[in-house]
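Please look over the fold shown here and note how its parts fit together. A short report follows.

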Amino acid sequence: MPYIVDGNNVIGHASGWEIGSSSSRHRLIDEVAAFVVSTREKVTLVFDGAPEDRIPDGSWHRGILVRYSRRGSNADRVVSSLVAESTDRRRLTVVTSDRQLATECRSRGAKTLGSDEFRRLVAHRQRQGPPVSDPGAAA
């Protein structure tokens, strides 16, 4: 199931992390990248503000599609647009603890997961490690 993650919302719920901080963005990217490796899920990570020089808007970084809000917009609008543009909203999970955004996404058919729940899921998957391939499975 694909995930769309409200990055600043997740950062805002992490103790010691700072919204708008490049180091907090990179820390979240590192954690989500490990989640992608262990689950093979598709993740779009959306941040408020200007893109990082090393990670431009719309680029794939460590298996994650990274998006930023444009001037005059915010990550909530980007997330909402991504959900609206999806052809299979029922498979989407939007990660946010923003009640208004979560309600809007659910009304469009997407599932939602709170930021704290997502961080626990990511931590749990990191402890489990990457999936083990079945040597007998078809390639």
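R62 counts as partly exposed, because its relative accessibility is 47%, between the 20% and 50% cut-offs. The model is a predicted one. R62 sits in the loop that connects strand 3 with strand 4. Its phi is positive, about 55°, although R62 is not a glycine. Most residues other than glycine have a negative phi.

R40 also has a positive phi without being a glycine, at about 60°. R40 follows helix 2 and belongs to the loop between helix 2 and strand 2. Is R40 buried or exposed? R40 is exposed, because its relative accessible area of 59% is over the 50% cut-off.

The table sets out accessibility for residues discussed in this report.

| Residue | Place | Relative accessible area | Class |
|---|---|---|---|
| R40 | loop between helix 2 and strand 2 | 59% | exposed |
| R62 | loop between strand 3 and strand 4 | 47% | partly exposed |
| S21 | loop between helix 1 and helix 2 | 16% | buried |
| Y3 | strand 1 | 7% | buried |
| F118 | helix 5 | 1% | buried |
| V94 | strand 5 | 0% | buried |

**The sheet**

In what order do the six strands of the open sheet lie? The order is 3-4-2-1-5-6, and the pairing is mixed. Strand 3 and strand 6 (111–113) stand at the edges. Each has a single partner strand, so one side of each lacks a neighbour in the sheet. On average, neighbouring strands are turned by 25° against each other, direction ignored.

Strand 1 pairs with two strands, strand 2 and strand 5. Strand 1 and strand 2 run parallel and are joined by four bridges. D6 has V46 of strand 2 as its bridge partner. Strand 1 and strand 5 (residues 93–95) also pair in the parallel sense, over three bridges. Here I4 stands opposite V94. Strand 5 in turn runs parallel to strand 6, with three bridges between them. In that pairing, V95 is matched with L113 of strand 6.

In a regular strand the side chains alternate between the two faces of the sheet. Strand 1 is covered on both faces. Y3 and V5 are buried on one side, I4 and D6 on the other.

**V94 in strand 5**

Why does V94 count as buried? Its relative accessible area is 0%, so V94 falls under the 20% cut-off. Neighbours within four places in sequence aside, V94 is in contact with I4, V79, V83, C105, A110, K111, T112 and L113. P51 lies 43 residues from V94 along the chain, and their C-alpha atoms are 21 Å apart.

**Helix 2**

Helix 2 covers residues 22–39, which makes 18 residues. From first C-alpha to last it reaches 25 Å, close to the 26 Å expected at 1.5 Å a residue. Helix 2 lies across strand 1, strand 2, strand 3 and strand 4. It runs at about 170° to strand 2.

Which residues of helix 2 are buried? They are S24, R25, H26, L28, I29, E31, V32, A33, F35, V36 and S38. These buried residues pack against strand 1 (3–6), strand 2 (43–47), strand 3 (59–61) and strand 4 (64–68), and also against helix 1 (7–12) and helix 5 (115–128).

S21 is in the loop between helix 1 and helix 2. S21 is buried because its relative accessibility of 16% is under the 20% cut-off. The S21 side chain makes a polar contact of 2.9 Å with the side chain of S23.

**Aromatic pairs**

How many aromatic pairs does the structure hold? It holds four. One of them joins Y3 and F118. This pair is tilted, with 5.9 Å centre to centre and 45° between the planes. Y3 lies in strand 1 and F118 in helix 5, so the pair ties together parts that are 115 residues apart in sequence. Y3 is buried at 7% relative accessibility, and F118 is buried at 1%.

Ring pairs link Y3, F35 and F118 into a cluster. F35 is one of the buried residues of helix 2.

Methods:
Residues are numbered from 1 along each chain as its sequence is written. This is a predicted model: local features need pLDDT of at least 70, side-chain atom pairs count only at pLDDT 80 or more; totals for chains, interfaces and linings use all residues. Side-chain values use heavy atoms; hydrogens and water are left out. The expected span of a helix is 1.5 Å times one less than its number of residues. Buried means under 20% relative accessible area, exposed over 50%, partly exposed in between (1.4 Å probe, protein chains only). Contact means heavy atoms within 4.5 Å. A polar contact is a pair of N or O atoms within 3.5 Å; within protein, one must be able to donate a hydrogen and the other to accept it, and residues adjacent in sequence count only if both atoms are side-chain atoms. Two strands pair if DSSP finds at least two bridges between them. Axes are lines fitted to C-alpha atoms, for helices over the stretch in contact, and angles run from 0 to 180 degrees between N-to-C directions. Rings of Phe, Tyr and Trp (its six-membered ring) pair if their centres lie within 6.5 Å; planes under 30 degrees apart count as stacked, over 60 as edge-to-face and the rest as tilted.
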